[in-house]
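Here is a friendly walk through one protein model, from its overall fold to its cysteines. Please keep the viewer open as you read.

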Amino acid sequence: YCTLFNGGKFLEPTLLKQVKSNDKVIYTDNPTTSNVFREGTCDLINGCLMQTVSDGTAKALCEKGFDLCAKTGTNGNEKGNVDAYAIAYTSEHLFAIWAGNENNSLMPNNVTGSFLASELGCVIDEFYLNFKPKQLKYSNDVTRVKLCKLAYEQGKLLLADEMQVRMGGFKEV
């Protein structure tokens with residue numbers, strides 16, 4: 001997920017960033033980076049994951065006052081859930097919560113990724129109590145348009161006119 005808010009650049013994870021001894025830096029890690037996605041691809045995925053926050057399974061994270069992308073998930077069957085997770089990221093940080101049992105035994109059905117999003121929201125609120133992250137950067141690779149909402153709901157793609165935009169009768173894509 002960090003690759004998505006880094007514009008498609010994968011940064012190899014490392015354990016240590018820097019080691020100091022007596023205020024002298026004796027080791028600094030220089031992780032390698034590589035481009036694995038185009039910036040436009042990241043824009044599209046980030047947009048989908050922001051929609052998860054505004055209208056989807058991570059609605060518990062809504063209205064934080066900054067760009068927030070999220071993905072929730074649940075693994076199980078009709079007898080119960082084995083795993084549940086919620087992941088959220090801003091332009092600067094990634095947060096994740098996982099719930100499950102070490103032996104893969106079933107949890108109650110109410111333990112879902114969507115349920116965990118509310119727990120994750122509390123963590124994010126506490127973390128960003130005194131400052132807000134920067135907005136996500138967008139590339140010029142993707143053109144955003146406003147579509148006629150009525151036509152969109154009927155399965156048609158028509159650009160919204162000025163009146164529809166003023167009256168809120170559009171869907172931005």
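## Fold and order of elements

The protein contains five helices and nine strands, and the model that shows them is a predicted one. Read from the N terminus, the order of these elements is α-β-β-β-β-α-β-β-β-α-β-α-α-β.

How does the protein compare with a compact globule? Its radius of gyration is 20 Å, well over the 16 Å that the globule rule gives for 173 residues, so the protein is more spread out than a compact globule. Along the principal axes, the C-alpha atoms occupy a box of roughly 65 × 45 × 35 Å.

## Contacts, burial and surface

Of the contacts in the protein with a separation of 6 or more, 53% join residues 24 or more positions apart. Buried residues account for 31% of the 173 residues.

The exposed area of the protein is about 11800 Å², with 53% of it supplied by carbon and sulfur atoms. As for charge, there are 18 positive and 20 negative charges, and their mean positions lie 4 Å apart.

## Cysteines without disulfides

How many disulfides does the structure hold? The number is zero. Cys 2 is in no disulfide, and the nearest cysteine sulfur, that of Cys 42, is 12 Å away. Cys 2 is partly exposed, at a relative accessible area of 37%.

Why does Cys 48 form no bond with Cys 69? The closest cysteine sulfur to that of Cys 48 is in Cys 69, and it is 9.8 Å away, which is too far for a bond. Cys 48 counts as exposed, with 52% relative accessibility.

Notes. Residues are numbered from 1 along each chain as its sequence is written. This is a predicted model: local features need pLDDT of at least 70, side-chain atom pairs count only at pLDDT 80 or more; totals for chains, interfaces and linings use all residues. Side-chain values use heavy atoms; hydrogens and water are left out. A disulfide is a pair of cysteine sulfur atoms within 2.5 Å. Buried means under 20% relative accessible area, exposed over 50%, partly exposed in between (1.4 Å probe, protein chains only). Helices (H or I, at least four residues) and strands (E, at least two) are DSSP runs, numbered from the N terminus. The radius of gyration is taken over C-alpha atoms; the globule rule is 2.2 Å times the number of residues to the power 0.38. Contact means heavy atoms within 4.5 Å. Accessible areas come from the Shrake-Rupley method with a 1.4 Å probe; for residues, only the protein chains shown count as cover. Lys and Arg count as positive and Asp and Glu as negative; His and the chain ends are not counted. The place of a charge is taken as NZ of Lys, CZ of Arg, CG of Asp or CD of Glu.
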